[in-house]
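Colleague: I am new to this one. Please walk me through it, starting with the overall make-up.

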Amino acid sequence: MLGSVFASLGRFVYRRRVPVVLVWVLVLGVGLGVGGQVFGRLGSGSGLRDDAESVVVSDRLSRVGGGGTGISGLIDGRPAGDPAFQAEVSAAVKDLEATPGVERVNNPWVGDRPVPGLVARDGRAVLVRVELETGLGGDGYDRAVAAVGERLRAVDAPRVLVGGEAPARTEFQEGARRDLQRGETLALPVMVLLLFFVFRGLVAALTPLLVAAVAVAGALLILLGVSHLADVSAYSVNVVTMLGLGLAVDYSLLVISRFREERAVGFELAEAIERTLATAGRTVAFSGLTVAASRRP
């Protein structure tokens, strides 16, 4: 029964091969063009369970630090009691309060009195805590993070360190993007060479890469949609790329080998495609569903 269904799918794909190819090209173009926006919407989450020790510690630190998405600036190396230094930091606080996307800034001093926890005990460093507006995202979020970091670093001090949840999230996003580009640059040429020897033909060797490209492009579109509903881990794109390439090579090897067997015994192109999908195609479909349904316990 299922074999006949997949055989019918093979017949449809062969007879409508031009529209099918156009749909693949459309998914590839839109996925790479629009789906790439998901990089700007990736969260800083690790994807670990809520009861993992690192996640529990991170949640506690967030509650101690105020619980909001924020940026902390450590200004070190100048006497906290210096009126000129206090005036410079206070001016920076006022500029930060006027920065679009900033909800609140904690000044290390209230009048002339230091705020406990924001001024070092030795009087040689102060901490400026900047909290961003709730729900801030997209370009507004990126601009706010960049503007706050730039203003904090403009304070005249021997050392200014900028950190916190917001910069960490930006670093996670950029790190994921750089790692993905580096991995593709190193892996793809080697993969093409290996595929050429394994599949013994240029067209067959390029097929897994085409399948992987379309699969990853479609997955980016799905991730972009999911990112509007839930937090998407910074590592999700790397995982999608890894699975897309790995499964594309695995499944293509199975399908191409089966197709060549059908052609070797004398079946015409259309019938060979039908028989391939009725057997290897069915196996690939169930295997893909198993991978998609599997999840970490």
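Colleague: How many helices and strands does the protein chain have?
Modeller: Keep in mind that this is a predicted model. The chain holds both kinds of element, with six strands. The helices number nine.

Colleague: Which helix has the lowest mean pLDDT?
Modeller: Start with the whole chain: its average pLDDT is 79, and 83% of the residues score at least 70. Among the elements, helix H4 (residues 83-97) has the highest mean, 91. The lowest mean, 62, belongs to residues 53-64, helix H3.

Colleague: What percentage of the residues count as buried?
Modeller: Buried means under 20% relative accessible area. The chain has 297 residues. The share that counts as buried is 32%.

Colleague: What share of the exposed area do carbon and sulfur atoms supply?
Modeller: The chain exposes about 17600 Å². Carbon and sulfur atoms supply 62%.

Colleague: Which helix gives the largest share of the nonpolar patch?
Modeller: The patch lies on the surface and joins Leu193, Phe196, Phe197, Leu202 and Leu206. Together they have about 530 Å² of accessible area. Helices H6 (165-199) and H7 (202-227) each supply at least two of its residues. The largest share, three residues, comes from H6.

Colleague: Is Phe197 buried or exposed?
Modeller: Phe197 sits in helix H6. Its relative accessible area is 60%. The cut-off for exposed is over 50%. Phe197 passes that cut-off, so the residue is exposed.

Terms used: Residues are numbered from 1 along each chain as its sequence is written. This is a predicted model: local features need pLDDT of at least 70, side-chain atom pairs count only at pLDDT 80 or more; totals for chains, interfaces and linings use all residues. Side-chain values use heavy atoms; hydrogens and water are left out. Patches are made of residues with over 30% relative accessible area and no salt bridge: like charges are joined within 9 Å, nonpolar side chains (Val, Leu, Ile, Met, Phe, Trp, Tyr) within 5 Å. Accessible areas come from the Shrake-Rupley method with a 1.4 Å probe; for residues, only the protein chains shown count as cover. A salt bridge is a side-chain nitrogen of Lys or Arg within 4 Å of a carboxyl oxygen of Asp or Glu. Helices (H or I, at least four residues) and strands (E, at least two) are DSSP runs, numbered from the N terminus. Buried means under 20% relative accessible area, exposed over 50%, partly exposed in between (1.4 Å probe, protein chains only). pLDDT is the predictor's confidence in each residue, from 0 to 100.
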